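Me: I am new to this one. Please pick a single part and take me through it closely. Then set it in the whole.

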Amino acid sequence: MHRLVAALLSIARCGIALTAVGAFLLTAAPLPAQVDQGSVTGTVADTSGALVPNATVTLTNKDTGLTLTRTTSGGGVYTFT
């Protein structure tokens, strides 16, 4: 009889522990992941400070050799996303 009571208590403890773990997992808030995305925006101006439309801008990642090219807008603005 003593073994049966001990076994039932053990099962009950496991059930309580599993319920607590389950409740935690259901209520835990997801953590935001890191992303490897960004953007680069700027303007191209000449030596007098005038914005340069249709200028070619090149962005190069020196670690990977990846090169992206954009053309500035009519207002001299470029954006890499």
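Reply: Buried means under 20% relative accessible area, exposed over 50%, and partly exposed in between, with a 1.4 Å probe and protein chains only. This is a predicted model, where local features need pLDDT of at least 70 and side-chain atom pairs pLDDT 80 or more, while totals for chains, interfaces and linings use all residues. Residues are numbered from 1 along each chain as its sequence is written, and side-chain values use heavy atoms, without hydrogens and water.

Take strand 4, residues 77-80. Its side chains alternate. Y78 and F80 point to one face and are buried. V77 and T79 point to the other face and are not buried.

Now look at the rings on the buried face. The structure holds one aromatic pair. Y78 and F80 form that pair, and it is edge-to-face. Their centres lie 5.9 Å apart, with 65 degrees between the planes. Rings of Phe, Tyr and Trp (its six-membered ring) pair if their centres lie within 6.5 Å; planes under 30 degrees apart are stacked, over 60 edge-to-face, the rest tilted.

Strand 4 also has a partner. Strand 1, residues 40-43, runs antiparallel to strand 4, and four bridges join the two. Strands pair if DSSP finds at least two bridges between them. One of these links involves the aromatic pair: F80 in strand 4 is the bridge partner of V40.

Next, the loop between strand 1 and strand 2 (56-60). N54 is found there. The phi of N54 is near 60 degrees, a positive value in a residue other than glycine. Most residues other than glycine have a negative phi. Is N54 buried or exposed? N54 counts as exposed because its relative accessibility is 61%.

Step back to the chain. It has one helix and four strands. From the N terminus on, the order is α-β-β-β-β. Helices (H or I, at least four residues) and strands (E, at least two) are DSSP runs, numbered from the N terminus. Of the 81 residues, 9% count as buried. Y78 and F80 are both buried. The accessible surface comes to about 6900 Å² (Shrake-Rupley, 1.4 Å probe). Carbon and sulfur atoms hold 63% of that surface.

Last, confidence. The mean pLDDT (the predictor's confidence in each residue, from 0 to 100) of the chain is 79. Of its residues, 64% reach 70 or more. Confidence is lowest in helix 1, residues 2-27, at a mean of 54. It is highest in strand 3, residues 67-71, at 97.
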